[in-house]
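Got your viewer open and a selection box ready? Let's take a walk through this one, stop by stop.

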Amino acid sequence: MSSSPLFQSISLGSLTLPNRIAMAPMTRGRSKNPGIVPTEMQALYYGQRASAGLIISEGTWISKEAIGFINVPGIFSEAQVEGWRAITEIVHQKEGRIFLQLGHAGLLSHPHHLDGELPLGPSSINPLTKSYTAQGVQDTVTPREMSLEDIQRTLSDYRNAAQNAKDAGFDGIELHVQHPSILSQFLSNALNKRTDQYGGTMENKTRFLLEVLDTVMTVWHSKRISVRITPNLSYSQPGETPDDSENTYRFVAQQLNKYDLAFLHIVDRPEPGISPEAQKDRKLFENFRKIYKGTIMANGGFTLEKANQLLEDGYADIISFGTLYISNPDLVERFRTNANLNDADPATFFVGDDNGYIDYPSLSLNEHYA
Ligand SMILES: Cc1cc2nc3c(=O)[nH]c(=O)nc-3n(C[C@H](O)[C@H](O)[C@H](O)COP(=O)(O)O)c2cc1C
């Protein structure tokens with residue numbers, strides 16, 4: 001097993017991953033304190049998973065106005081930077097590597113998160129979905145269309161967060177550009193109806209994302225930055241079809257060829273209204289391999305066999321695993337030895353304490369709670 005493609009090392013610029021098994025970013029809702037500071041329990045959780053070729057952290061708010069979900073940590077206060085530093089230290093002590101995923105919920109936030117203020121969006125369009133707040137699940141509201149000043153401030157928030165990530169000891173950052181991120185909202189035909197330089201044409205709708213990239217590249221080398229996209233629609237809006245969405249992200253991938261990124265992280269998620277067979281026929285990774293010239297990390301429902309197959313076919317370079325990493329902290333060792341996998345409990349994905357978080361067993365009992 002250890003000679004299979006997943007176990008070949010790979011270099012991303014100056015960073016070498018000993019294997020091609022990455023931990024996908026996953027919000028777990030465990031920063032349960034008023035300052036949304038990452039906790040010691042989170043350090044234990046990430047430390048348990050340090051044998052991954054690369055860990056990508058849970059989506060993390062770049063500013064207070066970016067908040068869109070309860071108990072999710074931020075990277076905009078000194079205390080948050082300290083909390084994250086404890087996490088990067090434990091991962092590095094265990095010879096792992098970790099990127100921070102930068103997130104902004106945009107119009108999917110709610111006044112409950114924002115001291116009564118309206119959330120920000122590319123346009124004043126209510127996405128007519130739900131927002132998860134401390135006061136329970138709420139209907140989303142009509143957001144405030146971002147002014148050019150709001151856009152500039154948000155760029156500066158991305159820059160601060162990128163600098164804070166560096167100060168906290170991360171190995172790199174990932175831009176979250178899929179539902180529910182503000183960056184994907186600017187790319188959406190349904191949610192972006194702007195008539196200025198940030199709306200209308202594909203070039204205009206991509207402008208905000210590329211400006212954010214330029215901004216975070218004033219802090220990080222491009223080889224320490226990744227971008228995460230979901231080209232197929234994982235979240236449908238009236239007025240937007242899966243083909244619209246895939247075309248938009250093809251254009252985005254072409255633009256990203258101009259940046260020498262660490263990798264493009266592509267997620268293949270179940271699409272509303274499309275059968276799994278039809279989705280497979282869309283050959284997402286094969287198509288994007290033709291468009292994007294750099295390193296590709298693939299995600300979405302991979303098993304050991306499917307992952308090795310995609311690498312062997314040459315359609316991706318690294319595979320990230322989400323739910324398998326929730327319940328198998330030593331996924332690398334389990335894949336290496338073809339061991340049984342623990343099942344994950346969805347009831348504790350986004351809520352709970354240590355249960356369903358740091359108590360999934362490793363093969364080596366010494367590692368359990370180590
Ligand atoms: C509990 C949970 C939280 C997630 N949070 C995030 C997140 O913060 N950022 C993100 O980009 N994707 C997030 N995702 C999506 C996962 O990264 C991944 O794309 C998805 O689980 C599919 O991969 P899998 O089939 O290997 O689980 C989350 C998924 C789960 C199950």
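Start with the largest nonpolar core, which has 88 residues; select L6, L175, L213, L256, I319 and F321, the ones that touch the most other members. Keep in mind as you click around that this is a predicted model. As background, nonpolar side chains in soluble globular proteins tend to be buried together.

Now zoom in on F321. Which residues is F321 in contact with, once neighbours within four places in sequence are left aside? Show L6, I21, A22, M23, A24, N299, F302, T303, A307, L331 and F335. While you're here, pick out another core, set apart from the largest one: it has twelve residues, and L12, L15, A22 and M297 are among them.

**Next stop: I151**

Select residues 148-167 to bring up helix α3, then highlight I151 within that helix. Is I151 buried or exposed? I151 counts as buried because its relative accessibility is 0%, where the cut-off for buried is under 20%. For its surroundings, again skipping neighbours within four places in sequence, display M146, F186, R194, Y198, F208 and E211, which are in contact with I151. If you'd like a distance to draw, go from the C-alpha of I151 to the C-alpha of L108: the two residues are 43 apart along the chain, and the atoms are separated by 17 Å.

**Then over to S181**

Find the loop between β10 (172-177) and α4 (182-187); S181 lies in there. With 1% relative accessibility, S181 is another residue that counts as buried. Leaving out neighbours within four places in sequence, add H104 and H176 to the view, since S181 is in contact with both. Now draw a line between the C-alpha atoms of S181 and G59: it spans 9.6 Å, while the residues are 122 apart along the chain.

**Last stop: the ligand**

Hang on to G59, as it turns up here too: a polar backbone atom of G59 is 3.1 Å from an oxygen atom of the ligand. Add T27, where a polar side-chain atom sits 2.7 Å from a ligand oxygen, and Q178, where a polar side-chain atom is 2.9 Å from a ligand oxygen. How much of the ligand's accessible area does the protein cover? On its own the ligand has 610 Å², and 87% of that is covered by the protein.

To finish, select the 18 residues around the ligand; P25, T27, N299, G301 and G322 come nearest. Colour that shell by class and you get seven nonpolar, ten polar and one charged residues.

Conventions. Residues numbered from 1 in each chain as written. Predicted model: local features only at pLDDT ≥ 70, side-chain atom pairs only at ≥ 80, totals over all residues. Heavy atoms only, no water. Core = buried A, V, L, I, M, F, W, Y, C linked by side-chain atoms within 4.5 Å. Buried < 20%, exposed > 50% of the residue type's maximum accessible area, 1.4 Å probe, protein only. Contact = heavy atoms within 4.5 Å. Helix = DSSP H or I, 4+ residues; strand = E, 2+ residues; numbered from the N terminus. Near = heavy atom within 4 Å. Polar contact = N/O pair within 3.5 Å; in protein donor to acceptor, adjacent residues only side chain to side chain. Areas by Shrake-Rupley, 256 points an atom, 1.4 Å probe, with all protein chains shown as cover. Nonpolar A, V, L, I, M, F, W, Y, C, P; charged D, E, K, R; others polar.
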